[in-house]
Amino acid sequence: MPRRARVLIPGVPLHLIQRGNNRSVCFFTEEDYHFYLELLAEQASKNDCDVHAWCLMTNHVHLLVSPHHANSASLLMKGIGQRYVQYINRVYRRSGSLWEGRYRSCLVESERYLLCCYRYIEMNPVRAKMVVHPAEYRWSSYRVNAQSERSHIVTPHAQYLALGVQGGQPADAYRELFNKDLESEVVDQIRAATNGNNVFGGSKFAVEVEAMIGRRVQRGSPVVCPRFLLFNHPDMANQGTFKVFNPGKPQ
């Protein structure tokens, strides 16, 4: 059965998940986390991907990125994946695969839905009951996005920066979003969209993508994320046309 083509629009965010093989541990020591993050920074720059949010769990990785080109995200994940496996196999004198096949992804509509995905990613350690508050977890972008910690990895998205309207700091407004948990329906839809290589967004957005690729990209009725603030910023205007990228074919 042919692999389903990934749906990509250059400039529009993707939520990516890479899991350990059989959900086994991928990070064993602090050095492993640091090495992965250095690879992320290096490969994001090399392959023209903006990283907006990330979380390294013990047996999987979440990334929210905006690829500048149709193959940017796949090259990013390939570059990180191969180098990290080589590192792990060398350091721990092991062999074989580390990752569980292909990474999973979903296209994220910027308007309303993007900040929900930010929060979904950075709340992973809390949902896993590893910490009580996301600030307690070292291996995510929460401290960057919510506490203005300096980072050479994260590039703020326009929707995140729009939280700083009227002279306020984006981090302050962003931090307030965590005063309320994400609705369970939103969490479920992000999971389903990512695992199914669909889209996380509104009906109009899904219909536009479906018209381009000739298949459904959204199951059931979309959940509308709350509009915490009203933004006047265009939703990724002039980002180019829709593109369908199949990593099994050369580009």
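Cys-116 sits out of reach of solvent in this predicted model: its relative accessible area is 1%, so it counts as buried, the cut-off being under 20%. Cys-55 gets the buried label too, because its relative accessible area is just 0%. As for disulfides, the structure holds zero of them.

Cys-116 also turns up where two helices meet. Helix 3 and helix 8 pack with their axes 11 Å apart, at an angle of about 90 degrees. That angle falls within 65 to 115 degrees, so the two helices count as roughly perpendicular to each other. On the helix 3 side, the contact is made by Cys-116, Cys-117 and Tyr-120. Helix 8 brings Val-186, Val-187, Ile-190 and Arg-191 to the meeting. Sorted by class, that contact comes out as six nonpolar residues, one charged residue and no polar ones.

Next comes the sheet. Five strands make it up, and it is an open one with mixed pairing. Reading across, the strand order goes 3-4-2-5-6. Strand 3 (49-56) and strand 6 (199-200) are the edge strands, so called because each pairs on one side only. Strand 3 runs antiparallel to strand 4 (residues 60-67), and seven bridges join the two. Within this pair, Asp-50 stands opposite Ser-66 of strand 4.

How do the two helices sit relative to the sheet? Helix 3 (residues 113-122) lies across strand 2 (14-19), strand 3, strand 4, strand 5 (104-108) and strand 6. Its direction is at about 155 degrees to strand 4. Helix 8 (residues 184-195) packs on the sheet as well, touching strand 2, strand 5 and strand 6. With the direction of strand 5, helix 8 makes an angle of about 120 degrees.

Finally, a couple of loop residues have backbone angles worth a look. Asn-22 is not a glycine, yet it has a positive phi of about 55 degrees. This residue is found in the loop between strand 2 and helix 1 (30-46). Asn-22 counts as exposed because its relative accessibility is 67%, and the cut-off is over 50%. Asp-48 has a positive phi as well, of about 60 degrees, and again is not a glycine. Its place is the loop between helix 1 and strand 3. With a relative accessibility of 32%, Asp-48 lands between the buried and exposed cut-offs and therefore counts as partly exposed.

Key
Residues are numbered from 1 along each chain as its sequence is written. This is a predicted model: local features need pLDDT of at least 70, side-chain atom pairs count only at pLDDT 80 or more; totals for chains, interfaces and linings use all residues. Side-chain values use heavy atoms; hydrogens and water are left out. Helices (H or I, at least four residues) and strands (E, at least two) are DSSP runs, numbered from the N terminus. Contact means heavy atoms within 4.5 Å. Axes are lines fitted to C-alpha atoms, for helices over the stretch in contact, and angles run from 0 to 180 degrees between N-to-C directions. A disulfide is a pair of cysteine sulfur atoms within 2.5 Å. Buried means under 20% relative accessible area, exposed over 50%, partly exposed in between (1.4 Å probe, protein chains only). Angles under 35 degrees count as roughly parallel, over 145 as roughly antiparallel, 65 to 115 as roughly perpendicular and the rest as oblique. Ala, Val, Leu, Ile, Met, Phe, Trp, Tyr, Cys and Pro count as nonpolar, Asp, Glu, Lys and Arg as charged, and the others, Gly among them, as polar.
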